Amino acid sequence: MNDRSQAPSLAQLRHHADRLKQVHLRDLLTDVSRHALLQVQAGPIHADFSRQKIDAPALTALEAWAEACGFQPSRHGLATGAMLNFTEGRAAVHPALRGRFGPPDVQASARFERTRMAALVERLRSGELRGFDGSPLRALVCLGIGGSDLGPRLVADALAPDGGYPVRFVANADPRELERALHGLAPQSTAFAITSKTFTTRETLANAAEARAWLREAGCPPEACADHFIGITAVPEAARAWGIRHEQLLQFDAGVGGRYSVWSTVGLGVATACGMPVFGELLEGAAGMDAHFFEQPLTHNLPAVLGLMSVWNRSLLGHASQAVVPYAERLALLPAWLQQLVMESNGKTARASGIDAGRTGLLTAPVVWGACGTTAQHSFFQQLHQGPQAVPVEFLLVRSNGGLTAHNDERQRIVLANALAQAAALALGRPPLAQTTGHQDFPGDRPSTLILLQDLSARSIGALLAAYEHATFTAAAVLGINPFDQFGVELGKQLALQIEESLQPGRVQAHVGPASGAAGASAGNPALDLATQASLKRLA
């Protein structure tokens with residue numbers, strides 16, 4: 001793999017970054033030519049990068065550096081199913097779920113499982129699947145966490161019709177979330193989908209056990225509990241051992257990471273809430289974005305430019321975080337989904353070449369956060385405008401929001417006007433007013449990208465999510481990161497199991513370990529530091 005710090009074009013790129021740090025965005029925006037240069041279209045999505053702190057020479061240098069870092073072979077590897085997840089010895093095959101790229105055998109397997117899922121969805125929606133007393137299963141509660149929850153929850157929230165088949169999602173091990181999801185549901189007519197890649201996820205299985213206990217308390221015989229459960233996993237034998245029947249067991253490939261899995265049978269909740277035709281349109285939208293990403297040159301490639309702009313802001317300009325603000329209530333969960341996608345994929349210092357971020361001097365993923373506009377304007381936008389550090393923003397607008405919010409609706413005009421006004425105000429700012437002490441000064445010079453969706457159809461949302469997947473992959477490719485593992489969550493899980501044992505009634509133990517929590521602790525059984533030991537005693 002290339003050492004990104006030694007790419008000849010990186011020095012030139014850093015020169016442009018230093019140069020542009022001294023130029024205000026209001027001056028850059030006087031250049032009429034940049035507006036054409038920094039617009040990219042892909043299917044139903046238009047991206048306007050003209051308010052980013054970049055110009056034509058810097059963009060050319062950024063693209064040259066990406067090529068020097070191996071963007072093209074990395075992209076080809078993703079398209080063909082190469083073993084890009086080198087730390088776990090796997091290919092990354094999520095594009096194959098959409099049917100146009102990736103290994104043919106994975107595509108065929110995904111089609112087969114999708115056919116089985118369609119049959120199960122039809123049995124749920126028609127009332128053919130029945131509970132322990134013969135009642136039709138009229139509601140579905142999806143149990144998962146992380147990628148098994150965020151993607152399906154986002155898409156269902158965006159696309160499910162009001163009054164349709166009720167689908168609820170539970171991720172948190174905090175008992176309150178499951179209690180809320182079950183409120184108003186009848187046990188005899190409630191189905192549960194347990195989604196876990198390994199079928200060992202602690203939080204998910206704890207919620208599944210509680211769901212089974214809820215059924216039992218309502219009079220469900222032990223042998224009838226299986227009528228209510230659907231399993232979705234890459235390890236079917238583990239699901240069968242839990243009690244999932246073969247006819248209600250759906251699989252997906254082990255090469256599909258959780259945060260890339262909504263396109264697989266993990267999307268059962270989406271398909272049940274919206275119908276299989278809508279799920280098919282979601283896949284078609286994503287497949288169209290796949291074709292754009294894998295076939296278009298870098299200059300006109302929307303996901304690639306989106307990913308490179310993130311690298312430009314984080315690694316070259318030094319912006320530590322990135323705000324995502326969708327001006328559409330149906331995309332309210334997008335920031336949370338994107339937070340996991342970017343930070344779990346690229347929130348790493350280890351590189352494929354073994355060189356860490358400290359030696360290359362190239363920082364990796366930003367902290368991603370955000371909320372829905374226009375409500376966000378009345379919370380954190382104060383800091384975006386006048387805080388001490390600039391935070392790049394991605395604004396998402398929808399040309400036609402459908403339903404009650406048509407173009408002739410005053411509220412839709414308010415939404416669109418506010419988004420455009422915020423982007424302009426962040427970029428331009430306002431010079432100091434006479435006889436003020438700075439409290440009303442707006443420095444401006446704060447970059448943003450404006451992403452415009454044609455509508456909020458399943459195809460558009462599929463294209464949007466796939467674009468963000470490929471943007472994240474692009475950033476990883478040029479930075480030399482493996483975006484498909486997530487070892488960072490493992491240590492906390494190991495410690496949690498150790499602490500959980502100590503929290504059992506009557507079993508509070510003092511796990512004596514070094515105060516640092518490091519020296520003397522084995523990788524498989526990390527010792528608890530003194531602060532954690534003290535907290536355990538307080539919680540006892």
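The lining of the largest cavity divides into ten nonpolar, seven polar and two charged residues. The model is predicted, and the cavity has a computed volume of about 180 Å³. Of its 19 lining residues, Ser310, Val342, Ala471, Thr472 and Ala475 are the closest to the centre. Three helices each supply at least two residues of this lining: H13 (302-316), H14 (334-346) and H18 (458-479). H13 gives the largest share, with six residues. In total, the structure holds five cavities of 30 Å³ or more.

The second largest cavity has a volume of about 110 Å³. Its lining comprises 14 residues. Leu97, Ala110, Glu113, Ser264 and Thr265 lie nearest the centre of this cavity. Helix H6 (residues 104-126) contributes the largest share of the lining, six residues. By class, the lining of the second largest cavity consists of seven nonpolar, four polar and three charged residues.

Open space was examined next. The largest pocket has a volume of about 1100 Å³. It is lined by 43 residues, and those closest to its centre are Thr201, Gln486, Val489, Glu490 and Lys493. Four helices give two or more residues each to this lining: H7 (147-159), H9, H14 and H19 (490-502). The largest share comes from H19, which provides six residues. The pocket lining counts 17 nonpolar, 16 polar and ten charged residues. H14 thus appears in two linings: it supplies at least two residues to that of the largest cavity, and two or more to that of the largest pocket.

Thr201, one of the residues closest to the centre of the largest pocket, also takes part in a side-chain contact with Ser196. The two side chains make a polar contact at 2.7 Å. Ser196 sits in the loop between strand S5 (190-195) and helix H9 (202-217). A polar atom of the Ser196 side chain also lies 2.9 Å from the backbone nitrogen of Phe199. With residues up to four places away in sequence left out, Ser196 touches Thr201, Ile232, Thr233 and Ala234. The relative accessible area of Ser196 is 1%, so this residue counts as buried. The loop serine therefore combines burial with polar partners for its side chain, among them the side chain of Thr201.

Cysteines were considered last. A disulfide is a covalent bond between the sulfur atoms of two cysteines. The model has zero disulfides under the distance rule applied. Cys372 illustrates the outcome. The cysteine sulfur closest to that of Cys372 belongs to Cys274 and lies 18 Å away. The cut-off for a disulfide is 2.5 Å between sulfur atoms, so the sulfur of Cys372 is too far from that of Cys274 for a bond. Cys372 is also buried, because its relative accessible area is 6% and the limit for burial is under 20%. Cys69 is likewise buried, with a relative accessible area of 3%.

Notes. Residues are numbered from 1 along each chain as its sequence is written. This is a predicted model: local features need pLDDT of at least 70, side-chain atom pairs count only at pLDDT 80 or more; totals for chains, interfaces and linings use all residues. Side-chain values use heavy atoms; hydrogens and water are left out. Buried means under 20% relative accessible area, exposed over 50%, partly exposed in between (1.4 Å probe, protein chains only). A polar contact is a pair of N or O atoms within 3.5 Å; within protein, one must be able to donate a hydrogen and the other to accept it, and residues adjacent in sequence count only if both atoms are side-chain atoms. Contact means heavy atoms within 4.5 Å. On a 1 Å grid over the protein atoms alone, a cavity is a set of points where a 1.4 Å probe fits but cannot get out, and a pocket is an open set with protein on both sides within 12 Å along at least five of seven lines; lining residues have an atom within 4 Å of a point. Grid points are joined across faces, edges and corners, and a volume is the space filled by probe spheres set on the points. Ala, Val, Leu, Ile, Met, Phe, Trp, Tyr, Cys and Pro count as nonpolar, Asp, Glu, Lys and Arg as charged, and the others, Gly among them, as polar.
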